[in-house]
Amino acid sequence: TRCSRDWSSDVCSSDLVVPEAGGLMDVLREKHGVITNVKDDRLRISMSFFNNEHDVEKVIGAIVKETGS
């Protein structure tokens, strides 16, 4: 997890090593309405996409459901 401050906002993100990150990104968006992206074959969860704790719980729950981890 890393946090940085740039000209537009505070951003925190975490990169998760998961099998087939690109495919998982698509499934998360289509089935769960969860926005993530992929960088260097890792699923990136960026706090700038979420508004509150419930949103974070939703993305983690969706990842666990889809990966079985």
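At 17% relative accessibility, histidine 32 falls under the 20% limit and therefore counts as buried. This residue of the predicted model is placed in helix α1. Leaving aside residues up to four places away in sequence, histidine 32 touches Val27, Lys58, Ala62, Lys65 and Glu66. Among these partners, Lys58, Ala62, Lys65 and Glu66 also belong to the α2 side of the contact between α1 and α2.

Two packed helices are described by the angle between their axes and the distance between the axes. For α1 and α2 the angle is about 115°, and the axes are 10 Å apart. The crossing of the two helices is right-handed. On the α1 side, the contact is made by Leu24, Val27, Leu28, Lys31 and His32; on the α2 side, Lys58, Ala62, Ile63, Lys65, Glu66 and Thr67 take part.

Lysine 58, one of the α2 residues in this contact, has a relative accessible area of 41% and is therefore partly exposed, as the value lies between 20% and 50%. Lysine 58 is placed in helix α2 and touches His32, Gly33 and Val34, with residues up to four places away in sequence not counted. The C-alpha atoms of lysine 58 and valine 34 are separated by 7.7 Å, although the two residues are 24 apart along the chain.

The protein as a whole contains two helices and four strands, arranged along the sequence in the pattern β-β-α-β-β-α. Of its 69 residues, 26% count as buried. The exposed area is about 4900 Å², of which carbon and sulfur atoms supply 50%. Among contacts between residues at least 6 apart in sequence, 48% join residues at least 24 apart.

The largest nonpolar core comprises 11 residues: Val18, Ala21, Leu24, Met25, Leu28, Val34, Leu43, Ile45, Val59, Ala62 and Ile63. At least two residues of this core come from each of α1 (21–32), β4 (42–46) and α2 (53–67). The most is given by α1, with four residues. Several core members, including Leu24, Leu28, Ala62 and Ile63, also appear in the contact between α1 and α2. Methionine 25, another member of the core, touches Thr36, Asn37, Val38 and Leu43, again without counting residues up to four places away in sequence. Of these partners, Leu43 is itself listed in the core.

Backbone geometry was examined next. Most residues other than glycine have a negative phi, and most peptide bonds are trans. Glutamate 20, which is not a glycine, has a positive phi of about 50°. Glutamate 20 is located in the loop between β2 (10–16) and α1, and its relative accessibility of 69% is over 50%, so the residue counts as exposed. A positive phi is also found at aspartate 41, likewise a residue other than glycine, with a value near 60°. Aspartate 41 lies in the loop between β3 (37–39) and β4; at 66% relative accessibility, aspartate 41 counts as exposed.

Arginine 42 is found in strand β4 and counts as partly exposed at 38% relative accessibility. Its contacts, not counting residues up to four places away in sequence, are with Asp15, Leu16, Val17, Ala21 and Asn37. One of these partners, Ala21, is also a core residue. Arginine 42 and glutamate 20 are 22 residues apart in sequence, with a C-alpha to C-alpha separation of 8.6 Å. Lysine 39 is placed in strand β3 and, at 41% relative accessibility, counts as partly exposed. From lysine 39 to glycine 22, the C-alpha to C-alpha separation is 9.2 Å, and the two residues are 17 apart in sequence.

Confidence varies along the chain. The average pLDDT of the protein is 80, and 78% of the residues score at least 70. The highest confidence is in α1, at 94, whereas the lowest is in strand β1 (residues 2–5), at a mean of 50. Where pLDDT is low, the predicted coordinates should not be read in detail.

Conventions
Residues numbered from 1 in each chain as written. Predicted model: local features only at pLDDT ≥ 70, side-chain atom pairs only at ≥ 80, totals over all residues. Heavy atoms only, no water. Core = buried A, V, L, I, M, F, W, Y, C linked by side-chain atoms within 4.5 Å. Buried < 20%, exposed > 50% of the residue type's maximum accessible area, 1.4 Å probe, protein only. Contact = heavy atoms within 4.5 Å. Areas by Shrake-Rupley, 256 points an atom, 1.4 Å probe, with all protein chains shown as cover. pLDDT = per-residue confidence, 0-100. Axes fitted to C-alpha atoms, helices over the stretch in contact; angles between N-to-C directions. Left-handed = near helix turned anticlockwise from the far one by under 90°.
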